[in-house]
Amino acid sequence: MSSRATTPSSSPSVNTMQDLVKQLNITMGPHGLGDDLIRVRQVKKLMQSYVSQATDWSQYAVYHEGTRYTRNLVDDGNGKYNLLVLVWGEGQASPIHDHAGSHCMMKLLDGELQEDLFAWPRESTDEMRLKRTAALKTNSIGLHRIANPSLQGKAVSLHLYSPPYNVCKTFDEKTGATAISSCAASKLTPGTSSPQSSMDITAN
Ligand SMILES: N[C@@H](CS(=O)O)C(=O)O
Ligand SMILES: [Fe+2]
């Protein structure tokens, strides 16, 4: 896994994941992201300015072979947002899903990820329409699916959700049928390997 990625030079400096957690706490205060565009912009800048270093996040990158991607809690913030490290095995993808109305900010930490955006199905029998295939962005809204296209390496990403959510809607690509899926994050105890969790596409 490579250890560094580049960020725009105009962004505020955040040297470690610990700094990022601290700055996010300060910027959020007692709030969630809500409709405060200034705070949204500040948080986005913080996420962008963090320079990925594997030594910062490897403790959160818990993964067990043969499972779906994992969702590992880094910080539950002030209860109005959370920060997670997701680990994507070779070729793994999330189901098509929404974010239950939450803001999502996302940053690639290692490897490669692709994002497909989908139009909301007009009826429950509607095949999902791919709106466009986009390069991975730090802000994702609407219906999407993230995939690690590599068959050679894992990918790791950092996600901030506000408000946190434990269930979301998932969609069948061929029929547009929806299901309510659980997507609780694993809380890690330092020095242990907790059971991983990912979006459970079979839950209803
Ligand atoms: N939103 C997904 C990850 S991604 O596919 O955006 C999750 O929280 O599991
Ligand atoms: Fe998502």
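Helix α1 covers residues 17-28, and in this predicted model its length can be checked against its residue count. At 1.5 Å a residue, the 12 residues of α1 should span 16 Å, and because the C-alpha atoms at the two ends are 16 Å apart, expectation and model agree. Just beyond the helix, G29 adopts a positive phi of about 55 degrees.

The two faces of α1 can be told apart by burial. M17, L20, V21, L24, T27 and M28 are the buried residues of the helix. Around the axis they cover an arc of only 135 degrees, so they sit on the same side of α1. On the face turned away from this buried side are the exposed residues Q18, K22 and I26. The buried residues pack against two other helices, α2 (37-49) and α3 (54-57), and against the strands β1 (70-75), β2 (82-88), β4 (103-110) and β8 (155-162).

These partners belong to a protein with 3 helices and 11 strands. Along the chain the order is α-α-α-β-β-β-β-β-β-β-β-β-β-β, read from the N terminus. Of the 204 residues in the protein, 48% are buried. Among contacts between residues at least 6 apart in sequence, 72% join residues at least 24 apart.

The packing of α1 leads to the nonpolar interior. The largest nonpolar core contains 25 residues, and M17, L20, V85, L158 and L160 are those with the most contacts inside it. At least two residues of this core come from each of α1, α2, β2, β4 and β8. The largest contribution is that of α1, which gives 5 residues. V85 shows how separate parts of the chain meet: leaving out residues up to four places away in sequence, V85 touches M17, W57, Y60, A61, T70, R71, N72, V74, L109, V156, S157 and L158. A second core, separate from the one just described, has 14 residues, including L73, L86, C104 and M106.

Burial in this protein also extends to polar side chains. S162 is found in strand β8, and its relative accessibility is 1%, which means that S162 counts as buried. Two polar partners of the S162 side chain come from the backbone. One is the backbone nitrogen of L33, which the side chain reaches at 2.9 Å. The other is the backbone oxygen of K80, which lies 2.8 Å from a polar atom of the S162 side chain. Setting aside neighbours within four places in sequence, the contacts of S162 are M28, G32, L33, K80, Y81, S102 and H103. One of these, M28, is also among the buried residues of α1.

The last stop is the metal site. The iron ion (ligand 2) is coordinated by the NE2 atoms of H97, H99 and H144, at 2.0 to 2.2 Å. Along the chain, the donors follow the spacing H-x1-H-x44-H. H97 has a relative accessibility of 4% and therefore counts as buried. H99 is buried too, because its relative accessible area is 5%, where the cut-off for a buried residue is under 20%.

Terms used:
Residues numbered from 1 in each chain as written. Chains lettered and ligands numbered in written order. Predicted model: local features only at pLDDT ≥ 70, side-chain atom pairs only at ≥ 80, totals over all residues. Heavy atoms only, no water. Helix = DSSP H or I, 4+ residues; strand = E, 2+ residues; numbered from the N terminus. Expected span 1.5 Å × (residues − 1). Buried < 20%, exposed > 50% of the residue type's maximum accessible area, 1.4 Å probe, protein only. Arc of directions from axis to C-beta. Contact = heavy atoms within 4.5 Å. Donors = N, O, S within 2.8 Å, 3.2 Å for Na, K, Ca; no water. Core = buried A, V, L, I, M, F, W, Y, C linked by side-chain atoms within 4.5 Å. Polar contact = N/O pair within 3.5 Å; in protein donor to acceptor, adjacent residues only side chain to side chain.
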